[in-house]
Amino acid sequence: MKTEKYIEFSQTETIHQGMPTTINCLYGTNRSDRLTASLKRNRLLCEYVYLNKSWTKRFCNDNIRFVWIPETEEISFQLLNLQINSSGIYMCTVVNYFPPPTSCLGEKRISIHVNAPPSVSVSCVKGPDGAPTVLCASEGFYPADLKQAWFRDGEYISYLNASLRPLYKENINSSDISWNYSKNTDGSYRVTSYLHLSSNITVYYCWVNHSTLSQPIIVNISSTECTEREEKLTGLVVRFWVVGILFGLLIGIALFSKLYYQHLTSHHLWSTADAIVISEPVSFSPG
């Protein structure tokens, strides 16, 4: 392919997951009535052909929109709903294919990085030993570096830097706190930490920071929420067992009554039948 006028613009963009971006395909001022505009990332993602003063789609992924502004002859591709696996180097190329030889009028490369902020929550759960435990979950974040810390009534308890995790992997858990770090199928990451409750009434804070956040996220929960929840669950279990026992007793009484009634009925029928057999008429011969 002959290059008559080659223009390359390189840049880097960081986009939040789920957001769109636009790649403007700047190219030379050579006027042509037959063009192709294509967008690639490792493979062809979208291609349009210009012929007879109109554009025709040859191929295009569902999350890509082709934009043409006739007044300024601007060409661009809109990438919609970007996900973590959408990260990569995109190349937009405009080619004049008639008259021969084919010539590149312009090419733009752009490196796109898609990141995702963490979703943070705290809740009351039961630990492996059945004791009340507080769970802090930081989910769906990218890149992998994340900082998470526990505070109790404003006092620092423990801290995790996910980017340093491989360095102290064996010592990541303690008697009071256990950490879990995992990668999701969509490329994002998840960090959870379980904190055993103390006997005192107190407030726990989970502090999380990530490169996608303008400021750390802090969520809190009171130990009374967990103990009250535990008491409610215990009360529900007790009531469930009491109702179950009473229901079982009622069923047992009903079955016993039915069987006893059947027994009495069958005994009465047997006695009646025996009486009928005994009272059958006896024939005598005339004397």
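This report looks at a small sheet and a few unusual backbone spots in a predicted model.

Residues are numbered from 1 along each chain as its sequence is written, and side-chain values use heavy atoms, without hydrogens and water. Local features need pLDDT of at least 70, side-chain atom pairs count only at pLDDT 80 or more, and totals for chains, interfaces and linings use all residues.

Let's start with the sheet. Three strands (DSSP runs of E, at least two residues, numbered from the N terminus) make an open sheet in the order 2-7-6, with antiparallel pairing. Pairing here takes at least two DSSP bridges between two strands. At the edges sit strand 2 (21-24) and strand 6 (64-69), each pairing on one side only. From one strand to the next, the twist averages 25°, with axes taken as lines fitted to C-alpha atoms and angles running from 0 to 180 degrees between N-to-C directions. Strand 6 and strand 7 (residues 74-79) are joined by 6 bridges, and Val67 has Ser76 in strand 7 as its bridge partner.

Now the loops. Most residues other than glycine have a negative phi, and most peptide bonds are trans. Two residues with positive phi are listed here:

| Residue | Phi | Relative accessible area |
|---|---|---|
| Glu73 | near 55° | 25% |
| Asn81 | near 50° | 48% |

Glu73 sits in the loop between strand 6 and strand 7, while Asn81 is in the loop between strand 7 and strand 8 (88-96). Glu73 is partly exposed, and so is Asn81; that label covers what falls between buried (under 20% relative accessible area) and exposed (over 50%), using a 1.4 Å probe and protein chains only.

Finally, Tyr142 and Pro143 are joined by a cis peptide bond, omega about 5°. Pro143 lies in the loop between strand 11 (132-141) and strand 12 (146-152).

Definitions and conventions. Helices (H or I, at least four residues) and strands (E, at least two) are DSSP runs, numbered from the N terminus.
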